[in-house]
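I set out to record two topics from this model, namely charged side-chain pairs and metal sites. The entries below follow the order in which I looked them up.

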Amino acid sequence: MLIDLHCHTFPFSACSALEPLELVRLAADRGLDGVCLTEHDRAWDADALDALGRAAPIAVFGAAELTTNFGHVLAFGLPATAFSADAGELAAAAERHGALLYLAHPARDGLLRVTRETVEYFVSVEAANGSDSRLQNIAAAGLAKGFRLPGIGGSDAHTANEVGRAATRFTAPLRSARDLIDALRAGAYEAVQLSP
Ligand SMILES: [Zn+2]
Ligand SMILES: [Zn+2]
């Protein structure tokens, strides 16, 4: 099952030109089985996410991309009340809520701020990012090898052109938000680059 674990829509991500329905339709056209909305520093509320999921031809999940003192962090399973710009606070909250934190596009700007101790905040990194260069993705995939879990993949789409450039391939079908968290925690997935 191919899921794009990193995409942005308007208006929740003001920098995105993609309407949510446009995103899910394009993702379906380009062969994806699902998308996970990762708006900047905010979560979709459950009802709106459900409504989009019902209207979408593919599965729709919700997470968030949080701006922190360690760069951008993709947070899965973390309630919005626990969002923070402090990665240490986020890591403590992730522990409490059974959430998972990944450093987004680590070769772009994030990983250099991580030390031997603080690297433990993150289960892994984004190893394939559709908006990063080939060289940045090679570096990120190399970094992912040092973490507890495999790296994830996502398009980081903000425009129609970028939809479907990268994703995460899961070995089992994901039917619920719980399934997504369980599959991530089990490491039962791999990052895939789908187009240059
Ligand atoms: Zn980012
Ligand atoms: Zn992003």
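Entry 1. In which helix do Arg178 and Asp182 lie, and how many residues apart are they? I note at the outset that the model is predicted. I found both Arg178 and Asp182 in helix H6, which covers residues 177-186. They are 4 residues apart, about one turn of the helix. Their side chains meet in a salt bridge, with an N to O distance of 3.3 Å. I then looked up the accessibility of each partner. Arg178 has a relative accessible area of 48% and is partly exposed. Asp182, at 37%, is partly exposed as well.

Entry 2. I asked how many salt bridges the structure holds. The count is 4.

Entry 3. I turned to Glu190 and Arg169. They form a salt bridge in which the closest N and O atoms are 3.4 Å apart. Glu190 belongs to strand E9 (residues 189-193) and Arg169 to strand E8 (residues 166-170), so this pair ties together parts that are 21 residues apart in sequence. For Glu190 I recorded a relative accessibility of 41%, which means that it counts as partly exposed. Arg169 is partly exposed too, at 37%.

Entry 4. Next I examined Asp132 and Arg108, whose side chains meet in a salt bridge at 2.6 Å, N to O. This pair links distant parts of the chain, 24 residues apart. Asp132 sits in the loop between strand E6 (124-129) and helix H5 (134-144), and Arg108 in helix H4 (residues 106-110). Is Asp132 buried or exposed? Its relative accessible area is 10%; because buried means under 20%, I entered Asp132 as buried. Arg108, at 36%, counts as partly exposed.

Entry 5. I checked for salt bridges that share partners. Such bridges join Arg108, Asp132 and Asp156 into one network.

Entry 6. I moved to the metals and asked which residues are the protein donors of the zinc ion (ligand 1). They are Glu65 through OE, His72 through ND1 and His105 through NE2, lying 2.1 Å from the ion. Along the sequence these donor residues are spaced E-x6-H-x32-H. His72 is in strand E4 (residues 71-76), whereas His105 is in the loop between strand E5 (100-103) and H4; the two are 33 residues apart and link distant parts of the chain. I also recorded that His105 is buried, with a relative accessible area of 1%.

Entry 7. For the zinc ion (ligand 2), I listed His6 (NE2), His8 (NE2), Glu65 (OE) and Asp156 (OD) as the protein donors, lying 2.0 to 2.2 Å from the ion. Their spacing along the chain is H-x1-H-x56-E-x90-D. What are the angles among the 4 donor atoms? They run from 82 to 175°, and the site is irregular. His6 lies in strand E1 (residues 2-7) and Asp156 in the loop between strand E7 (152-154) and E8, so these two donors tie together parts that are 150 residues apart in sequence. Both His6 and Asp156 are buried.

Entry 8. Which residue coordinates both zinc ions, ligand 1 and ligand 2? I found that Glu65 does, and that the ions are 3.5 Å apart.

Entry 9. I closed by revisiting Asp156. This residue is a donor of the zinc ion (ligand 2), and it also belongs to the salt-bridge network with Arg108 and Asp132.

Note on methods
Residues numbered from 1 in each chain as written. Chains lettered and ligands numbered in written order. Predicted model: local features only at pLDDT ≥ 70, side-chain atom pairs only at ≥ 80, totals over all residues. Heavy atoms only, no water. Buried < 20%, exposed > 50% of the residue type's maximum accessible area, 1.4 Å probe, protein only. Donors = N, O, S within 2.8 Å, 3.2 Å for Na, K, Ca; no water. Tetrahedral: all angles 85-135°; square planar, octahedral: opposite > 155°, others 65-115°.
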